[in-house]
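Please look through the structure below with one helix and two pockets in mind. The paragraphs that follow take these topics in turn.

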Amino acid sequence: MIIVLKSGSTDAQVEDVCRRIRGMGYTPHTIRGELRTVIGAVGDDRGKERLRSLESLEIVEAVTPILKPFKLASLEVRSEPTRIRVGDAEIGGNRIAVMAGPCSVESREQVLEVATKVKAAGACILRGGAFKPRTSPYAFQGLEEEGLKYLAEARRETGLPVITEVMEPDKVDLVAEHSDILQIGARNVQNFSLLRKVGQAGKPVLLKRGMSTSIQEWLLSAEYVLAGGNPNVILCERGIRTFETATRFTLDLNAVPVVKRLTHLPVVVDPSHGTGHWEYVEAMACAGIAAGADGLIIEVHPKPEEALSDGPQSLKPEKFAALMTRVRKVAAAMDREV
Ligand code: PEP
Ligand code: MN
């Protein structure tokens with residue numbers, strides 16, 4: 001921690017703060033500038049809340065951490081990129097991983113048709129929601145366990161690994177039984193008991209950024225999963241809330257290079273939720289790859305006009321195939337494959 005003192009601090013005041021720091025079990029390192037004095041407190045990070053209390057002293061301007069608050073997610077701890085293998089797919093290597101499928105699993109036929117078509121277009125992972133986090137309690141809530149079974153059947157038919165959302169700690173074992181990657185949705189990014197539970201699940205976790213979470217909060221959520229013993233976390237930027245209303249959310253592509261500079265975890269972009277309109281999905285998918293993302297997650301529906309959720313942002317399979325052609329070119333420009 002760094003303790004910044006207000007200008008004009010006297011030697012006696014500096015010594016008083018140092019004495020308090022020592023009293024908390026830390027070693028103070030004082031740097032006296034012309035105007036300000038800064039004290040570095042070195043020691044066990046776990047007591048840092050106590051150090052923070054020093055901010056209540058009149059003479060103290062601010063108490064700020066030195067190290068990043070997330071550790072296992074940080075490049076300070078691991079400098080090699082994390083690569084996550086699921087079936088024949090890998091996330092975090094040179095190849096861009098494209099996950100595609102319907103927002104919600106609606107029927108056996110729907111999911112089998114989409115799975116076959118997205119695979120033919122080059123997707124390597126099938127997405128589909130069986131437990132849906134809907135804003136309204138009256139909206140379609142998903143087929144639940146029946147939906148999981150259809151996804152597992154589509155996996156057997158196509159060989160594509162499956163990603164699906166889990167919303168409650170009590171359902172983690174059930175969802176993990178039928179799927180290959182556990183998706184934590186934007187609305188649950190700070191559901192800490194769920195994060196702890198998926199930390200023990202033994203399946204990779206795709207952690208969506210919350211619509212109002214800072215990058216630091218998002219990485220601390222990833223830290224919960226990592227600290228729980230699960231090293232396989234994929235970050236997903238899916239758009240944040242801003243003042244703009246022309247799109248459903250604002251896809252924060254800044255997050256991609258920022259997160260790449262802070263962590264070794266792979267990051268994927270969700271241009272479907274990020275824009276909310278199918279017409280913008282291809283442009284933002286390409287932009288995500290150009291920004292350095294390791295993958296994409298995209299909603300595809302055979303009949304978007306009849307979808308039970310997120311129809312306006314879902315691509316028809318032909319449009320998805322066209323997107324893949326364009327994405328391949330952008331990936332090649334970035335020295336990556338799809
Ligand atoms: C989804 O992937 O269908 C979904 C609900 O996403 P998000 O949590 O990002 O809103
Ligand atoms: Mn959706």
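Helices here are DSSP runs of H or I with at least four residues, and they are numbered from the N terminus. The model is a predicted one, and in it α10 is followed by Gly292, a residue whose phi is positive, near 110°.

How far apart are the end C-alpha atoms of helix α10? The helix covers residues 278-290, and because each residue is expected to add 1.5 Å, its 13 residues should span 18 Å, which agrees with the 19 Å that separates its end C-alpha atoms. Within α10, the residues Val281, Ala285, Cys286, Gly288 and Ile289 are buried, and what covers the buried residues of this helix includes two strands, β13 (267-269) and β14 (295-299), together with the helices α9 (271-275) and α11 (317-333).

From the helix, the reader can turn to the pockets. Rolling a probe the size of a water molecule over the atoms shows where empty space is left. The largest pocket holds about 270 Å³ of space, and among the 18 residues that line it, Pro133, Arg187, Arg248, His273 and Asp310 lie nearest its centre. Sorted by class, the lining of this largest pocket consists of 10 charged, four polar and four nonpolar residues.

Which residues lie nearest the centre of the second largest pocket? They are Asp88, Ala89, Glu90, Arg95 and Cys124, out of a lining of 15 residues, and the space in this second largest pocket comes to about 230 Å³. Its lining is made up of seven nonpolar, five charged and three polar residues.

Notes:
Residues are numbered from 1 along each chain as its sequence is written. Chains are lettered from A and ligands numbered from 1 in the order in which they are written. This is a predicted model: local features need pLDDT of at least 70, side-chain atom pairs count only at pLDDT 80 or more; totals for chains, interfaces and linings use all residues. Side-chain values use heavy atoms; hydrogens and water are left out. The expected span of a helix is 1.5 Å times one less than its number of residues. Buried means under 20% relative accessible area, exposed over 50%, partly exposed in between (1.4 Å probe, protein chains only). Contact means heavy atoms within 4.5 Å. On a 1 Å grid over the protein atoms alone, a cavity is a set of points where a 1.4 Å probe fits but cannot get out, and a pocket is an open set with protein on both sides within 12 Å along at least five of seven lines; lining residues have an atom within 4 Å of a point. Grid points are joined across faces, edges and corners, and a volume is the space filled by probe spheres set on the points. Ala, Val, Leu, Ile, Met, Phe, Trp, Tyr, Cys and Pro count as nonpolar, Asp, Glu, Lys and Arg as charged, and the others, Gly among them, as polar.
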